[in-house]
Amino acid sequence: MDNTLSPTSSDPAADPPERAASPESARRVAVASFIGNTVELYDFFLYGMAAALVLDDVFFPNLSPLNATLASFSTYAVAFLARPIGSIVFGHFGDRVGRKSVLVASLLLMGVSTALVGLLPGYATLGVWAPLLLVLLRCLQGIGIGGEWGGAVLLAVEHAPRGRRGLYAAFPQLGPPVGFSAATGAFWLVSASLDEAAFTSWGWRVPFLLSFVLVAVGLVVRLKISETPVFARSVARQEASKAPTLELFRCHTRELLLGAGAMAVVYALFYTSMTYSLSYATTTLGVPRTTMLSLSLIACLFLAAGIWFAATRSDTAGRRRPALLGCGLAAVWGLLLFPLLDTGRPVLMALALGGATFCVGVASGPMGAYLPELFPARVRYSGASLAYNLGGVLGGAVSPLVVPRLQPAFGSASVGWYVSAMALVSLLCVRALPETRERELD
């Protein structure tokens with residue numbers, strides 16, 4: 001298959017001009033979705049980096065090392081609990097008002113919340129108010145990101161020619177690896193440039209403050225794109241739902257819950273390999289922080305490769321087959337992740353993280369097109385966003401609470417078994433979902 005962004009379609013008769021945006025418009029939207037999603041994911045992943053490296057010292061210095069780590073990762077998990085709220089709020093307006101304006105609002109909320117984390121004084125200055133305000137800002141981050149992914153993929157998918165939805169959805173799907181790479185790179189530069197005292201005192205704040213600049217760039221890009229033709233036709237036919245969330249739960253509960261289950265392993269394995277492993281390796285294994293950050297950057301390349309492979313493949317093989325492959329690979333790799341990490345050898349640790357993130361990419365790559373295709377246009381923003389972010393609760397909110405307790409109590413192998421169990425749950429959910437590649441979006 002030719003994976004370039006060309007104006008062709010697998011079925012020209014089914015894709016007349018009125019049913020798709022112009023190729024130029026679709027390309028602009030794909031790039032804009034990628035840039036906006038990258039900025040928001042940079043903001044979101046910064047917190048994971050900081051939680052693994054420094055937030056326990058800055059905001060929880062009065063706790064024991066283990067409890068401080070648990071508290072730090074608990075604040076990380078808070079955002080995943082808030083994400084479904086963002087999905088409901090932004091999904092409501094995205095289905096009623098439009099995709100574009102809602103995405104601008106989510107970008108502003110995420111950017112301001114992230115930058116304020118960089119300005120927030122620590123426990124030594126504010127006492128107990130410092131961690132409380134940190135939790136508040138993390139909640140606002142979660143609400144903002146809860147409305148981001150669904151809108152970004154809808155912009156791409158609803159502009160895409162039929163037969164190319166997986167390809168176009170791959171662009172916003174590449175936002176996580178690029179955003180994570182940018183967040184990791186920012187922390188690597190600061191960590192390599194400063195001594196430990198300076199890094200803990202003020203250096204860790206610099207990547208957060210860069211959010212002001214990145215949000216400005218994201219806003220310029222997003223304000224220039226057009227509303228999706230699918231939503232415009234829905235409005236013209238007066239088909240917008242008055243209560244998208246209620247309609248979603250009343251008429252599409254099965255698709256919603258199975259879609260959430262399908263996403264669970266994506267979050268669980270990504271958190272375990274890219275956030276918890278960073279803390280585990282630097283504290284338990286004694287691996288230098290800069291070494292682990294370098295390995296994380298390498299792993300992001302595997303993540304991007306997995307996403308691109310599975311997303312583009314889904315246009316010919318269907319959405320289910322690559323998603324099932326990703327879940328199956330994750331079930332196996334969960335058992336290999338920590339034995340490879342525990343060797344302490346950089347090459348094998350790179351293999352551990354790269355293999356894990358490739359599995360994440362293959363499992364998540366088709367979802368940019370798959371989840372939107374599960375729902376009709378009138379509730380698509382709400383349905384795709386809520387399914388994606390409920391999966392975040394199952395895999396991203398539960399894992400930071402479970403994994404740091406499993407490893408000290410039962411050893412690192414128990415974490416691998418947990419990840420493999422989540423992969424099997426997701427595999428069963430994908431098997432229960434229908435194939436959607438040939439569905440019309442209107």
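Let's start at S273, which is buried, with a relative accessible area of 1%; buried means under 20% relative accessible area, exposed over 50%, and partly exposed in between (1.4 Å probe, protein chains only). Keep in mind that this is a predicted model, where local features need pLDDT of at least 70, side-chain atom pairs count only at pLDDT 80 or more, and totals for chains, interfaces and linings use all residues. Residues are numbered from 1 along each chain as its sequence is written, and side-chain values use heavy atoms, with hydrogens and water left out.

**S273 and S296**

- You'll find S273 in helix α15 (residues 253-283); helices here are DSSP runs (H or I, at least four residues), as are strands (E, at least two), numbered from the N terminus.
- Leaving aside neighbours within four places in sequence, S273 is in contact with L337, L353, A356 and T357, where contact means heavy atoms within 4.5 Å.
- Try finding F34 too: S273 and F34 are 239 residues apart in sequence, and their C-alpha atoms are 23 Å apart in space.
- S296 sits in helix α16 (residues 289-317), and at 1% relative accessibility it counts as buried.
- Not counting residues up to four places away in sequence, S296 touches F180, T184, M274 and L353.
- So L353 turns up twice, as a contact of S273 and as a contact of S296.

**G179**

- G179 belongs to helix α9 (residues 175-193), and it's buried, with a relative accessible area of 0%.
- What does G179 touch, not counting residues up to four places away in sequence? The list is T38, L41, Y42 and F45.
- G179 and L214 are 35 residues apart along the chain, with 11 Å between their C-alpha atoms.

**F60**

- F60 is in the loop between α2 (55-59) and α3 (65-96).
- Is F60 buried or exposed? At 11% relative accessibility, F60 counts as buried.
- F60 touches L55, A68, A71, S72, T75 and P131, once residues up to four places away in sequence are set aside.
- From F60 to Q173 you go 113 residues along the chain, and their C-alpha atoms are separated by 34 Å.

**Helices α3 and α4**

- α3 and α4 pack at an angle of about 155°, with their axes 7 Å apart; axes are lines fitted to C-alpha atoms, for helices over the stretch in contact, and angles run from 0 to 180 degrees between N-to-C directions.
- That makes α3 roughly antiparallel to α4, given that angles under 35 degrees count as roughly parallel, over 145 as roughly antiparallel, 65 to 115 as roughly perpendicular and the rest as oblique.
- Where they meet, α3 brings F90, F93, G94 and D95, while α4 brings R99, V102, A105, S106 and L109.

**Salt bridges**

- A salt bridge is a side-chain nitrogen of Lys or Arg within 4 Å of a carboxyl oxygen of Asp or Glu, and by this rule the count comes to 12.
- R99 pairs with D95 in one of them, at 3.1 Å from N to O, and both R99 and D95 are buried.
- R380 pairs with E158 in another, the closest N and O atoms being 2.9 Å apart.
- R380 lies in helix α20 (residues 380-397) and E158 in helix α7 (residues 148-159), so this pair ties together parts that are 222 residues apart in sequence.
- R380 counts as buried at 1% relative accessibility, and E158 does at 2%.
- Put those pairs together and you get a network: D95, R99, E158 and R380 are linked by salt bridges.
- R437 and E438 also form a salt bridge, at 3.3 Å from N to O. R437 is partly exposed, with a relative accessible area of 27%, and E438 is partly exposed too, at 48%.

**A nonpolar patch on the surface**

- V112, L116, L119, L209, F212, V213 and V217 make a nonpolar surface patch of about 590 Å².
- Patches are made of residues with over 30% relative accessible area and no salt bridge; like charges are joined within 9 Å, and nonpolar side chains (Val, Leu, Ile, Met, Phe, Trp, Tyr) within 5 Å.
- The accessible areas come from the Shrake-Rupley method with a 1.4 Å probe, and for residues only the protein chains shown count as cover.
- Helices α4 (99-119) and α12 (211-223) each supply at least two of the patch residues.
- V112 lies in helix α4 and is partly exposed, with a relative accessible area of 44%.
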